[in-house]
Amino acid sequence: MSEGDPKNTHFGYKTVESEKKADLVADVFHSVAAKYDIMNDVMSFGVHRFWKRHTIATAGARPGMKVLDLAGGTGDLTAKFSHLVGDRGQVILADINDSMLKVGRTKLRDKGIVGNVDYVQANAEALPFPDNYFDIITIAFGLRNVTDKDAALRSMRRVLKPGGKLLVLEFSKPQHEVMRKVYDMYSFKVLPKMGALITQDADSYEYLAESIRMHPDQDTLKQMMVDAGFEQVDYTNMTDGVVALHRGYKF
């Protein structure tokens, strides 16, 4: 972000006007939505499923709870939460991008997941839900694409019930130099070529690699959550910190 200039922000490594970032990010996800699940499996070698399973286990969802799967995309977490909260519970899959939301809705309905799942197109910075509504909020691989992350974290806290839990699953900073070098080579040399091959869109995957590098590291994000009013904030590194799961509570 340009020093002291709130009108500008990052889009990957580029500096853009803040008001234009949402549209630029939207174009990326409109482009990749149809092949998003395939690319997740290919580019993470299937490990994203482990990261998400750990997130579900940490969430501790129980029958009757209300869960918000924010930036929920194609609904991997929503599907799991739907079974855990049962008929008396509710899961809302929310995403700012209508292409991703449509893919998610079709996928879950094809699996017979209906009844306790709702779909809402929503901006994380200004969530259209009542105060103190959700028991659990998850945002998986979505926070780095948000223009004003501080506003989004405050908005999430507002709609959480007292005692509620926020889980942020996001790419982060590898802990060891060898992993950082391997990860950089993979992200900038291999990933765009995969994107070109599978989705005919190298540029979107180049942006995604850049957006990971511009996202706050583990300790910075932890402090941002504390500043937004969350308590007992901690994080767990996975795959040497390639991904981190941050957890915070509203009391």
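Across the whole of this predicted model, a search finds six aromatic pairs. In one of them the ring centres of Trp51 and Phe171 lie 6.1 Å apart with their planes at 85 degrees, so this pair is edge-to-face. The pair ties together distant parts of the chain, since Trp51 belongs to helix 3 and Phe171 to strand 7, 120 residues apart. The points below follow these rings into the nonpolar cores, and then turn to charged side chains and to two helices.

**Aromatic rings**

- Both partners of the pair described above are shielded: Trp51 counts as buried at 5% relative accessibility, and Phe171 is buried too, with a relative accessible area of 13%.
- Another pair is formed by Tyr133 and Phe134, whose ring centres are 4.9 Å apart and whose planes meet at 85 degrees, so that this pair is edge-to-face.
- Within that pair, Tyr133 counts as partly exposed at 23% relative accessibility, whereas Phe134 is buried, with a relative accessible area of 0%.
- Trp51 and Phe171 also belong, together with Phe141, to one aromatic cluster.

**Charges over rings**

- Tyr133 has a charged neighbour as well, because Lys66 lies over the face of its ring, at 5.3 Å from the ring centre.
- The ring of Tyr183 has the charged end of Arg213 sitting over it, 4.5 Å from the ring's centre.

**Nonpolar cores**

- In soluble globular proteins, nonpolar side chains tend to be buried together.
- The largest nonpolar core here has 29 residues, and those with the most contacts inside it are Trp51, Phe81, Phe141, Leu169, Phe171 and Val243.
- Elements that give two or more residues to this core include helix 3, helix 4 and helix 5, along with strand 4 (90-95), strand 7 (160-171) and strand 9 (243-249).
- Helix 4 provides the largest share of the core, namely four residues.
- Leaving aside residues up to four places away in sequence, Phe141 touches Trp51, Lys52, Leu169, Glu170, Phe171 and Val243.
- A second core, separate from the one above, has 26 residues, among them Ala122, Phe129, Ile139 and Val168.

**Salt bridges**

- How many salt bridges does a search of the whole structure find? The search finds nine.
- One of them joins the side chains of Lys52 and Asp76, at 2.8 Å from N to O, and it links distant parts of the chain, with Lys52 in helix 3 (residues 48-59) and Asp76 in helix 4 (residues 76-85), 24 residues apart.
- Is Lys52 buried or exposed? Lys52 counts as buried because its relative accessibility is 11%, which is under the 20% cut-off, while its partner Asp76, at 23%, counts as partly exposed.
- Another salt bridge brings together the side chains of Lys102 and Asp98, at 3.5 Å from N to O, and these residues are separated by about one helical turn because they are four residues apart in helix 5 (residues 98-110).
- Both members of that bridge are partly exposed, Lys102 with a relative accessible area of 46% and Asp98 at 26% relative accessibility.
- The side chains of Arg180 and Glu177 likewise meet in a salt bridge, at 3.1 Å from N to O, and both residues lie in helix 7 (residues 177-199), three residues apart, about one turn of the helix.
- An α-helix has 3.6 residues a turn, so residues three or four places apart point the same way.
- Arg180 is partly exposed, with a relative accessible area of 24%, and Glu177 is partly exposed as well, with 43%.
- Through salt bridges that share partners, Lys52, Asp76 and Lys107 are joined into one network.

**Helix 9 and its surroundings**

- In helix 9 (residues 218-227), the residues Gln218, Leu221, Met224 and Met225 are buried, and because they cover an arc of only 125 degrees around the axis, they are on the same side of the helix.
- Asp219 and Asp227 are exposed on the other side of helix 9.
- The buried residues of helix 9 pack against helix 6, strand 7, strand 8 (231-238) and strand 9.
- Just after helix 9 comes Gly229, which takes a positive phi of about 110 degrees.

**Ser155 in helix 6**

- Ser155 lies in helix 6 (residues 149-159), where it is buried, with a relative accessible area of 7%.
- Not counting residues up to four places away in sequence, Ser155 touches Ala124, Glu125, Ala126 and Leu127.

Notes
Residues are numbered from 1 along each chain as its sequence is written. This is a predicted model: local features need pLDDT of at least 70, side-chain atom pairs count only at pLDDT 80 or more; totals for chains, interfaces and linings use all residues. Side-chain values use heavy atoms; hydrogens and water are left out. A salt bridge is a side-chain nitrogen of Lys or Arg within 4 Å of a carboxyl oxygen of Asp or Glu. Buried means under 20% relative accessible area, exposed over 50%, partly exposed in between (1.4 Å probe, protein chains only). Contact means heavy atoms within 4.5 Å. A nonpolar core is a set of buried Ala, Val, Leu, Ile, Met, Phe, Trp, Tyr and Cys residues joined through side-chain atoms within 4.5 Å. The arc is that of the directions from the helix axis to the C-beta atoms. Rings of Phe, Tyr and Trp (its six-membered ring) pair if their centres lie within 6.5 Å; planes under 30 degrees apart count as stacked, over 60 as edge-to-face and the rest as tilted. A charge sits over a ring if NZ of Lys or CZ of Arg is within 6 Å of the ring centre and within 35 degrees of the ring normal.
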